[in-house]
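Biologist: I am new to this structure. Please take one part and look at it closely. I would like to see how its helices and cores are put together.

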Amino acid sequence: MLLYGFHPVREALRHRPHEIQRVLVAARPGGRRQEIEELARRHRVSVSAVPRAQLDALVDESVHNGFAVELAGKSEERGSGDPNFVVLVEDIQDPRNLGALLRVCEGAGVGRVLVRDRGSAPLSPAVAKASAGASEYLPVERVTNTAQELRRLKEAGFWVYGTAAGPGGQPPWKLDLKGPVCLVFGGEEKGMRRLTTEHCDGLVALPMRGQVGSLNLSTAAAAILYEALRQRV
């Protein structure tokens with residue numbers, strides 16, 4: 001597996017250097033390159049200076065900032081988030097949106113993220129880059145059946161709240177988001193699936209006071225997840 005971008009490479013060196021086969025560097029000499037090379041030396045990871053065109057050929061879907069790492073495998077180490085704070089996402093097709101959401105989840109202390117397999121972006125290097133390295137610390141699991149996973153969570157004592165883009169949802173500060181909670185986020189275009197909505201104990205929505213009808217996914221998620229964090233600390 002190839003990870004690229006300054007932040008994902010730095011977090012991989014910090015968090016799981018034993019899984020890195022080598023670091024590829026095409027950035028100009030300077031602060032960021034020096035930081036990556038020092039981390040690599042500290043953890044005895046091989047560094048290869050390569051032409052920028054070589055990285056361009058390897059990574060054709062996004063900007064790599066002159067840094068990439070070749071990974072031998074995925075760590076099974078769990079994150080340090082709250083195991084009773086779970087997020088489930090479905091039908092998020094843009095890897096940048098999924099990565100940005102994972103970044104918010106990790107920052108808010110979410111214990112794990114469940115991603116519906118069909119209809120969602122794969123957990124690719126583009127997602128890792130958009131997460132700015134947060135995906136290195138956050139347990140992310142692919143699931144095949146959203147309704148089944150929600151039933152399991154509810155049987156385990158979780159309250160499930162789905163996010164609504166329009167009327168029908170309550171502001172997050174009016175809900176009790178303490179204890180075992182799962183927050184569900186739907187896709188960019190259609191939101192949550194009908195059956196998923198039926199399995200929710202309630203809906204949460206952010207009031208909009210301006211002329212714009214909605215917020216982008218990661219911005220809305222940040223507002224909701226940090227209200228949950230405020231209640232939980």
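Modeller: Here is a close look at one helix pair, followed by the nonpolar cores. The model is predicted, so local features need pLDDT of at least 70, side-chain atom pairs count only at pLDDT 80 or more, and totals for chains, interfaces and linings use all residues. Residues are numbered from 1 along each chain as its sequence is written, and side-chain values use heavy atoms, leaving out hydrogens and water.

Start with helix H1 (residues 6-15) and helix H2 (residues 31-42). Helices here are DSSP runs of H or I, at least four residues; strands are E runs of at least two. The two helices pack at an angle of about 20°, with axes 9 Å apart. Axes are lines fitted to C-alpha atoms over the stretch in contact, and angles run from 0 to 180 degrees between N-to-C directions. H1 and H2 are therefore roughly parallel (angles under 35 degrees). From H1, the contact uses Phe6, His7, Val9, Arg10, Leu13 and Arg14. H2 supplies Arg32, Glu35, Ile36, Leu39 and Ala40. Contact means heavy atoms within 4.5 Å.

Now the cores. A nonpolar core is a set of buried Ala, Val, Leu, Ile, Met, Phe, Trp, Tyr and Cys residues joined through side-chain atoms within 4.5 Å; buried means under 20% relative accessible area, with a 1.4 Å probe and protein chains only. The largest has 28 residues. Among those touching the most other members are Val87, Leu183 and Leu225. Strand S5 (82-89) and helix H8 (217-232) are among the elements giving two or more residues to this core. A second, separate core of 17 residues includes Leu3, Ala12, Val25 and Ala27.

Terms used. Parallel < 35°, antiparallel > 145°, perpendicular 65-115°, else oblique. Buried < 20%, exposed > 50% of the residue type's maximum accessible area, 1.4 Å probe, protein only.
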